[in-house]
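Let's look at how the names we give to parts of a protein rest on simple rules. Here is the structure to explore together.

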Amino acid sequence: MSATEAIDLDFEKGNFHYDTEYDFDAGTGLSEATIDYISGVKGEESWVRDFRMKALQTFLDKPMPLHWATRDLSNIHFDKIRYYLSKGQTPSRNWDEVPDDVKQTFERLGIPEQERKFLAGVEAQFDSEAAYSRMKDDLSKEGVIFVGSTEGLREHPEIFRKWFGKVIPTADNKFSALNSAVFSGGSFIYVPPGVKVKQPLQAYFRINAENFGQFERTLIIADEGAEVTYMEGCTAPKFETSTLHSAVVELVALRGAKIQYITVQNWSNNVFNLVTKRARAEEEAEVKWIDCNIGSRLTMKYPGVILKGRKARGEVLSIALAGDGQHQDTGAKMIHAADETTSNIIAKSISVGTGRSSYRGIVNVPRNLKGCKNNTECDALLINTNSRTDTYPAITVRGDGNSVQHEASVSKVSAEQIFYMRQRGLSEAQAMSLSVNGFVNDLVRQFPMEYSVELKRLIEMEMEDSVG
Amino acid sequence: MTKLLDKQLDSSQPHRRELWQQFKKLPDPISKDQAWRFASTRKYRVGDLTSTENLSKGKLCELSTRSTILDAFSGQAVLAGNQIVGSLILDDETAALGVTLNSLGENPVIESSETLGGDKFQALNGALSKNGIILTVPDHVEVKQPIVIVHWAGSGGSFPQLHVEAGLHARLHLVEIYFSIGDEAGFNVASTRIRARAGSHVSRSVIRNWNVDTTAVHLEHLMVHRDAYLQSTNLNINGGTLRQETVLSVQGQGANADLSSISIAGEGQEFDQRTLQSHEASDSRSDLLFKNALLASGRTIFSGLIKVAPEAQHTDAYQTNRNLLLDPTADANSLPGLEILANDVKCSHGATTGQIDDDQLFYMRSRGINDQLARQLLVFGFFEEVIEKIQLPALESRIREWIETRFQ
């Protein structure tokens, strides 16, 4: 336990911001001029600019998915958002070169400390662009590439262009189109064949400015037999007006590769967090999404795996905690597209106060496949009488020898358990928090140690105000 | 269709005209609509349909004899298309208890209620229904034998209605049977409303055994009051394209409902079942078990939602969907859902899709049962859990016979 003390995050730790002077600002609202500006300051090739322009049109053409999603989406005012803010497009490699106000932000969040402790590489994104990006030297010698999206497309087009926008097409949904139009920042990672990156790579995303929209774009390619773990954390200060975070994350696991992608999202609860995440797993590859949603006003995120090669495996482990006024609309998609592919989804959600958590999922096994298996478990815990939970899975199975099972349950913390603990001298809040931690414990154990400790503390803090 | 029916509709029935306008105004279902997701919505386009025409006396006589499914019953109504066959029967003992079984003639009950996407068809049923059946059981009356409603679908549209009211502490067993007269393509838009008053006990079995060219939409509303028990079993044995919407409204404290179903979908067949278990009162319970067996290129859709209102504390609500794929070309879709707004509840759903268990098959083969028979036995075993809920042995054995003909 002692090793983890240094990075225990305070729940309020992200709630501060500095007045920052931006050198580059695309202004408010979205038009072709915004895209010209972004593309211009980044010095992008014409195909990237064309890609953005096309995406803008798709974004404008697509309606809001209000026929199934929450009405809260109509509270996003696209014309009031600032689409690009930065102090420059080249991240510093040395912590001392990072501008002071940006450095202060990340130091308060404990970023360089964490890097020294256990990370193989780290990238810190401040609003639109990475402020700091560094990877251990031995990894670059092995050919691992870990850069921002701007740099990735500029310096390594031969690697990234092939997969860019291929796992998640621009027109996948309205928000993936928006991201494709105005993306900036995010990580581009390439791990060469057979290279196993032992320590995790990490990115930290920070929104600092009011009314700002963050649209990072991440693409991770694990070549044949490669292995990599990537972790991302997100925070933002609390502003009066809402903020939009709409990322696109694409993972490509080539034959026999393994990718693990861990997210701990703790946006302040005025952030609309609308993220598209999808992976493509080739033969015998394995992709695991570990997704933890604690913050934001509304999160809509359904990490998916397209199981493209024989014996590929996809997994989503998801924890959502919806506090007062929050809506965590999360889930998973498993698209089986080859024989003997397997997938597993375990989702646990906790609704506190007026919080609402929803599970939405797709499992699809088409008719020409054999021997595919899926297991889905969704468990929801309701803490207060006004808490709410929903489950909306969609399962389609055809083909030969395929089997799918889905189970969901809803419960509350049992009165006997609380009584038992109170009898032994625990306060009601402590007892409640212990029960809730017990509920998610089997999932939390699968998180890296540092994250599981942080998560437990966050849950404890949420629980403190929820009883009595 | 529209012109002809515009004329047919009597101007003395403004309600019907209004519903007819509503029907024409409402858009055709599209599968992009969540309520119709996965469905082959094109098959529900009404097109050039006319109401089923009246049948000859000889034909009616023939249907009347074909309608004897159970030897013992307390009452029976037989309909063909939109016409009553013979007369409504209620035995003397039952009639003496005050039970009534009547036809609504030209005046259907027009009451719009919550649908699960089929509002266009609700309007159509209300506009065109004739000779709907209304059954009432007075308070504290127990109907000894089942009441049987048989409906024969001919070519063209039939729009049957059935309204059942079980009084306080009444007991009733209701059997609804839907057949095709011959091989004609029928279009059946039916509505069933059942109200189980406080403390009543209503058991209902619905058998749908049409020809494969039949398209049908059946809208069911089941209302269960305080401490009442309702059991509803749907057996979709044969048909073409079927949509069944079941809205269970658990309105009283301590109410209890069991919904179950079997569907057998083969080539060219699509059985689309949408259910809502809506809990509006505390301490209530509902349990749903829908089982589908899918043969070559058969399609099934199960979309179920459990909704628990904030005041419905101590609700126990369960939902299970089991799909047995008997052929690689079959297509099973499940959309099990939960919307829970109260916290002190026990709710769960489960959906599984799989094949016949190889171990079970091996066990039977090793005891000398041939492969085909072993598979059949396992499939019949899969159905038995639902069939035995009916608790009318005579009807159960008829159902087993009908099911067996699907596997020959």
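A polar contact is a pair of N or O atoms within 3.5 Å; within protein, one must be able to donate a hydrogen and the other to accept it, and residues adjacent in sequence count only if both atoms are side-chain atoms. This is a predicted model, where local features need pLDDT of at least 70 and side-chain atom pairs count only at pLDDT 80 or more, while totals for chains, interfaces and linings use all residues. Residues are numbered from 1 along each chain as its sequence is written, chains are lettered from A and ligands numbered from 1 in the order in which they are written, and side-chain values use heavy atoms, with hydrogens and water left out.

Q: How many residue pairs are in polar contact across the interface of chain B and chain A?
A: By that rule there are 16 such pairs, both residues being at pLDDT 80 or more.

Q: What makes residues of chain B count as in contact with chain A?
A: Contact means heavy atoms within 4.5 Å. By this test, 36 residues of chain B are in contact with 34 residues of chain A.

Q: Why is the pair B:Asp344 and A:Lys412 called a salt bridge?
A: The term asks for a side-chain nitrogen of Lys or Arg within 4 Å of a carboxyl oxygen of Asp or Glu. Here the N to O distance is 3.8 Å, so the pair fits the rule. Across this interface the rule finds three salt bridges, and a search of the whole structure gives 44 over all chains.

Q: Why does the pair B:Asp344 and A:Lys412 join two chains?
A: B:Asp344 lies in the loop between E20 and E21 of chain B, and A:Lys412 in strand E24 (residues 403-412) of chain A, so two chains are joined. Strands (E, at least two residues) and helices (H or I, at least four) are DSSP runs, numbered from the N terminus.

Q: How do you know that strand E23 of chain A pairs with E20(B)?
A: Pairing needs at least two bridges found by DSSP. Six bridges join E23 (residues 388-397) to E20(B), and the strands run antiparallel, so they pair. One of the partnerships is A:Ile395 with B:Ser334.

Q: Why is chain B called as compact as a globular protein of its length?
A: The globule rule is 2.2 Å times the number of residues to the power 0.38, and the radius of gyration is taken over C-alpha atoms. For 408 residues the rule gives 22 Å; chain B has 21 Å, which is close, so the description fits.
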